[in-house]
Amino acid sequence: MKFERYGIGIAKGLTVTIRHLFRHPTVSQYPEQRLNISRRFRGNELVWNKEKCTGCGTCAKTCPQGAIEIVTSTDMTENKYVVDKYQVDTGYCINCGLCIESCPYEALYFSHAFECARYRRSELVQSKDDMLETPERKVSGYFYPDKANKLPEQTLLVEKVTEKR
Amino acid sequence: MAVRTEPFVLNMGPVHPSTHGVFRMRVTLDGEVVVDIEPIFGYLHRGIEKLAEQRTYTGIIPLTDRLDYISSMSNNFAYCLAVEKLAGIKVPERAEYIRVIIAELQRVAALLIAVGAFLNDCGAFFTPFLYMFRERERIVDLFEMVSGQRLTYNYMRVGGVSQDLPDEFMPALRKFMNMMPRFMAEYDRLLVQNEILIARAKGVGILTGEQAINCSASGPVLRASGVKWDIRKADPYSIYDRFDFAIPTQTTGDCYDRYRQRVEETRQSLHIIRQAMEQIPSGPVRAELPQLIRPPAGEAYAHIEAPKGELGFYLVSDNSIAPYRCHIRPPSLINLTALRDMVRGWKIADLIIIFGSIDITVGEIDR
Ligand code: SF4
Ligand code: SF4
């Protein structure tokens with residue numbers, strides 16, 4: 001193949017590359033700089049509402065991974081189910097969110113936390129008390145738009161770059 | 001005097017930086033010239049088709065995410081279309097538009113990766129790839145906003161999408177759409193005239209239109225060989241018949257044409273998104289359906305134009321909550337069958353480029 005003016009294309013390409021030197025960086029230094037994650041974040045763990053849950057078991061039936069385990073007993077005096085055991089094995093959970101969509105009593109949410117590494121496999125299994133909402137384990141707005149609107153807005157690369165270029 | 005050489009068998013992969021995942025080829029060489037290749041699949045086999053037989057119709061959607069993990073949204077889309085066809089479900093208008101916008105954004109993202117990885121194989125080590133990754137990142141940001149995750153979106157549902165778009169989505173998408181043409185122009189400035197790229201890719205690995213049709217290739221690989229076939233036009237699904245877009249084609253079917261083809265298709269996708277953004281109505285995004293879908297006994301095949309080609313789902317129902325059989329027609333696997341025709345007679349260094357220009361995802365080949 002013959003080129004009339006060899007090197008023009010490469011020189012043109014290099015101007016693009018050199019221009020990038022003067023642009024605002026698009027990466028952020030993670031532990032120091034934190035970006036806001038999505039308001040609908042489908043994170044590592046589930047948050048369970050003790051008061052709202054009736055023990056109907058729809059979530060366990062919907063879960064494609066079989067990660068939820070529920071044991072209930074009947075309380076004859078109050079005529080309702082008592083949830084004896086509610087346990088999610090987050091090692092099996094694929095964070096699909098189908099359990100949250102299926103819960104008819106709005107008792108199950110995703111948590112908005114994402115740094116959930118554990119040292120042991122057994123710690124991945126979460127029981128009733130680990131799953132309650134705490135100030136550190138905020139509820140994510142997945143499937144609940146009113147909860148999403150209270151969370152900080154997601155940082156978008158689109159905005160970050162247009163502002164500072 | 002010609003030196004007589006013996007054929008030499010080289011094992012490439014399964015963990016080789018340019019086989020895009022765990023893919024293995026047994027290459028027979030004569031000196032440096034490729035005589036024959038034999039692809040060997042199965043290193044990423046997870047049995048998705050079999051797993052699908054034990055799951056509910058909704059529970060399969062997260063599995064489809066894991067087929068072609070570069071374009072999860074398209075997989076969701078194809079699967080949902082198949083179930084809707086099987087059960088005769090009508091999707092609300094707004095959901096159709098959301099699906100089209102999302103699927104086209106996904107096409108842009110997947111094609112950016114395809115082009116970037118191809119250039120990577122050509123020896124432009126990670127410079128163009130990272131530029132394209134940056135633009136893909138903007139799209140992934142949008143997907144994270146609507147679905148909550150960045151790779152396995154699991155966003156579409158049978159009868160619509162899982163939730164409506166958030167309020168912040170449309171302004172962010174508009175901003176992205178305004179920026180994207182500028183970036184596309186930048187890529188062209190970076191690459192179109194580049195002598196190294198032209199010398200390495202032009203005329204290399206030619207697949208004629210006839211060969212492409214014979215091995216039932218689809219998508220950019222087929223269209224780069226000059227065959228005008230796009231399922232969005234040939235068998236319109238969803239609401240693609242409402243949009244005005246062209247099917248770009250190339251002429252020779254070499255590696256350079258396949259690269260140009262992908263760039264041109266990205267332009268058309270942006271054009272579709274622009275139209276859909278103007279037309280999108282308000283309303284519900286999900287049809288009212290029972291928790292467990294029980295389609296009537298029968299079978300259905302739905303196919304879409306995924307970023308890599310024709311992606312089809314064939315479902316057989318026996319009127320229970322799980323499909324009796326689920327078969328997936330992955331574009332990567334079928335396009336890969338064209339590889340042998342393309343590489344015969346080329347050097348081993350060209351093999352890498354030709355293989356990269358097909359654009360495969362191993363998650364889809366092995367399933
Ligand atoms: S997110 Fe999905 S896999 Fe995890 S517990 Fe819920 S339904 Fe099961
Ligand atoms: S579906 Fe909701 S209410 Fe029923 S058991 Fe699960 S969390 Fe409790």
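Guide: A helix here is a DSSP run of H or I with at least four residues, a strand a run of E with at least two, and both are numbered from the N terminus. This is a predicted model: local features need pLDDT of at least 70, side-chain atom pairs pLDDT 80 or more, totals for chains, interfaces and linings use all residues, and side-chain values use heavy atoms, without hydrogens and water. Residues count from 1 along each chain as its sequence is written, chains are lettered from A, and ligands are numbered from 1 in written order.

Visitor: Which element gives the largest share of the lining of the largest pocket?

Guide: H5(B) does, with 7 residues. A pocket is an open set of points on a 1 Å grid where a 1.4 Å probe fits, with protein on both sides within 12 Å along at least five of seven lines; lining residues have an atom within 4 Å of a point. Here 24 residues line the pocket, and nearest its centre lie A:Thr26, A:Ser28, A:Leu35, B:Glu137 and B:Arg150. Helix H5 (157-164) of chain A and H5 of chain B each supply at least two lining residues.

Visitor: How do you know that the length of helix H5 of chain B agrees with its residues?

Guide: Its expected span is 1.5 Å times one less than its number of residues. H5(B) runs over residues 127-147, which is 21 residues, so 30 Å is expected; the end C-alpha atoms are 30 Å apart, and the two agree.

Visitor: What makes H5(B) mostly covered?

Guide: 17 of its 21 residues are buried, meaning under 20% relative accessible area (exposed is over 50%, partly exposed in between; 1.4 Å probe, protein chains only). Just after H5(B), B:Gly148 takes a positive phi of about 95°.

Visitor: What classes of residue line the largest pocket?

Guide: The lining has 10 nonpolar, 7 polar and 7 charged residues. Asp, Glu, Lys and Arg are charged; Ala, Val, Leu, Ile, Met, Phe, Trp, Tyr, Cys and Pro are nonpolar; the others, with Gly, are polar. Next comes the second largest pocket, lined by 22 residues, with B:Thr58, B:Arg286, B:Leu289, B:Pro290 and B:Gln291 closest to its centre. Helix H2 (58-62) and helix H3 (98-102) of chain A give it two or more residues. Its lining holds 11 nonpolar, 6 polar and 5 charged residues.

Visitor: Which classes make up the shell around ligand 1?

Guide: It has 9 nonpolar residues, 3 polar and no charged. Among those surrounding ligand 1 are A:Cys63, A:Cys93, A:Cys96 and A:Cys99, each with a heavy atom within 4 Å.

Visitor: Why does B:Asp359 count as buried?

Guide: Its relative accessibility is 12%, so B:Asp359 counts as buried. It sits in the loop between helix H14 (348-358) and helix H15 (362-366) of chain B. Its phi is positive, about 65°, although it is not a glycine. Most residues other than glycine have a negative phi.

Visitor: Why does B:Arg367 count as buried?

Guide: B:Arg367 has 12% relative accessibility, so it is buried. It lies in the segment after H15 of chain B. Its phi is about 60°, again positive in a residue that is not a glycine.

Visitor: How many bridges join S2(B) to strand S3 of chain B?

Guide: There are 7, and the strands run antiparallel. Pairing takes at least two DSSP bridges, so these strands pair. B:Asp30 stands opposite B:Val33 in S3(B). The two strands form a hairpin with 2 residues between them, and B:Gly31 in the turn has a positive phi of about 65°.
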